[in-house]
Amino acid sequence: MSVRTEQVRPRAAAPDTARPSRPRAETEPTPYALYIRLSALEDAWRSTPAWPAGSSVAAAVVALDLLTALLSDCAADDRPYIDHRERADRHEELLADCRRLGREMTELLPAPEEDPAAADAVRLLTARSTGVPPARNSGAPPTAPVALLGERAHLRELRTVRPAGPEDHLFRGAHQITECWLHVAHRGIEAGAAAAAAGRWGEADRLLSLGARAVRLATGASRLLDLMDLADYHPLRVMLRDGSGAQSHSARTLPAAVRGAFDVLLTTVERDGRTLVHVLAHGESGAAAELPYLRSVRRLAKNCQEFLFLHYLLALGVLGSDNTGALGYGMEAMARRAAQPVLPELDGALHDFAKFADLRYARLSGALVLAERRRAGLATGRCPRTSDVPPDQECPSAVMVRAVGEYFVRLADRDGEGWAELFHPERGRMVDLAGTKPYVGRAHLRVFAETKFRLFSRMLPVVEDIEVTGPGTARARWTMDTTSYRGTEATARGVEEFRFAADGRILRATTEWNASEVSAVLWPGVPARPPGTGWDVPEDARTAAGHGA
């Protein structure tokens, strides 16, 4: 093995959409904020001004009250063309999920004893989440702001007496509930990032997990909108011209909040001379504490993208693909935005970890599939049947030597199509390491070549020796100087066994090379999972694939 240079990949910039500016001036509410009565929502969240976590508790209470009101609307809806059972079921499922998180919030966010309003708010959330009336503290009446919250006074401000059409309550209410849970998410992410910066990784993980689950509930609330009847919704949509959920400040700033929580971890890891791959692979230094936090960051990023993609699907299901939303964004633009990784560095680390595993465990490639094929009485491909591959055929030595040389030249030229054409079109097969599942047929061979080209940006093979070993067989010893997509250089070494048809096309190529050593060079210090830790191939599969004794 040889190591030449390692180029540190610069941190990728987050997409522009991850750092949106607040829409319009602070003093001028957006049409969306006016429609959902955001100021009234925020007033309801301020029932415990001295306790920062209180706004999250209050927001959860308001979300539960709004959802309960929507469920009552379902019972009163007498439109004959509505699927009433589906509406009720979807609302009840979301209500159960919201109550579950509400109960967990009361455990995660204990109220300070010296703040009666905070204690009252927690008792109120417990009641809303369990259906049990709240118990009073020593018989004292609840503080005035919490008393209003308990009396559901906010519903009078948030719900219209005469809705603007049959879908107004659902459309407005779903967005209000979404805003409540996004508020919970922002506060959880903010508190989690602060705890992580102070080294309290366990607390930080629990708070980020709360944020991630709150985003899922926000998505669930938004998903209620696909229950709307289009004939009843379109007049409302026209009345709401210039108003759009894309104007939601909490939704627009969610990716930036996730970025802030992620940067705390990234700074810590880089300061210690590690990478995110070390954390993902359960590296020794600090990973035990940081890994749960990283998992919560991953869930947050995923849930954020799910939220964005759902809104693309909602718009697509209402407006069709050849259309634009209220703010002029086309459907394709919405889809592209949702498909962008929220955290490009994390996306890159996940890619790195997968490539590390592909190399480190290359000798197990396809082992379970081979075992199941053998159990089903199918050919494994490791020892082809006579009907699959003809017996050794006479092939001129010069033809074989020329084909072996061309085999490596086309790899160096990154010509996957031309490389695959050197094989028999149907029966040609490539075994990357002896005993692994082969790539059979030109289509799969092209997949193999492209996989290698993605892993290595440069492949410079040197064939040290070509030996004709039989009437249709040859062996080549080679070294290959490589540069990975990360910019790290390493040298691979191997032996290739070839079997040829009479016309010089390759029937089988089997490689034995130092894949695990190359992985150690490309990702130094990243640990592999040792056998016996629950992931290794079962004994029958190891035997079937040729890995057992």
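This note concerns how helix α5 packs against helices α4 and α3 in a predicted model.

1. Helix α4 (residues 84-108) and helix α5 (residues 116-130) have axes that come within 8 Å and cross at roughly 150°. Because angles over 145 degrees count as roughly antiparallel, α4 is roughly antiparallel to α5. The crossing of these two helices, α4 and α5, is left-handed.

2. On the α4 side, this contact is made by Arg 99, Gly 102, Arg 103, Met 105 and Thr 106, while α5 contributes Val 122, Leu 125, Thr 126, Arg 128, Ser 129 and Thr 130. Sorted by class, the residues of the contact of α4 with α5 comprise 3 nonpolar, 5 polar and 3 charged.

3. Turning to the other partner, helix α3 (residues 54-76) has an axis that comes within 9 Å of that of α5, and the two cross at roughly 30°. Since angles under 35 degrees count as roughly parallel, α3 and α5 are roughly parallel to each other. The crossing of α3 and α5 is left-handed.

4. In the contact between α3 and α5, the residues Val 57, Ala 60, Val 61, Leu 64 and Asp 65 of α3 meet Ala 121, Val 122, Leu 124, Leu 125, Arg 128 and Ser 129 of α5. The class count for the contact of α3 with α5 is 8 nonpolar, 1 polar and 2 charged residues.

5. Some α5 residues deserve a look in both contacts: Val 122, Leu 125, Arg 128 and Ser 129 take part in the contact with α4, and Val 122, Leu 125, Arg 128 and Ser 129 also meet residues of α3.

Technical notes:
Residues numbered from 1 in each chain as written. Predicted model: local features only at pLDDT ≥ 70, side-chain atom pairs only at ≥ 80, totals over all residues. Heavy atoms only, no water. Axes fitted to C-alpha atoms, helices over the stretch in contact; angles between N-to-C directions. Helix = DSSP H or I, 4+ residues; strand = E, 2+ residues; numbered from the N terminus. Parallel < 35°, antiparallel > 145°, perpendicular 65-115°, else oblique. Left-handed = near helix turned anticlockwise from the far one by under 90°. Contact = heavy atoms within 4.5 Å. Nonpolar A, V, L, I, M, F, W, Y, C, P; charged D, E, K, R; others polar.
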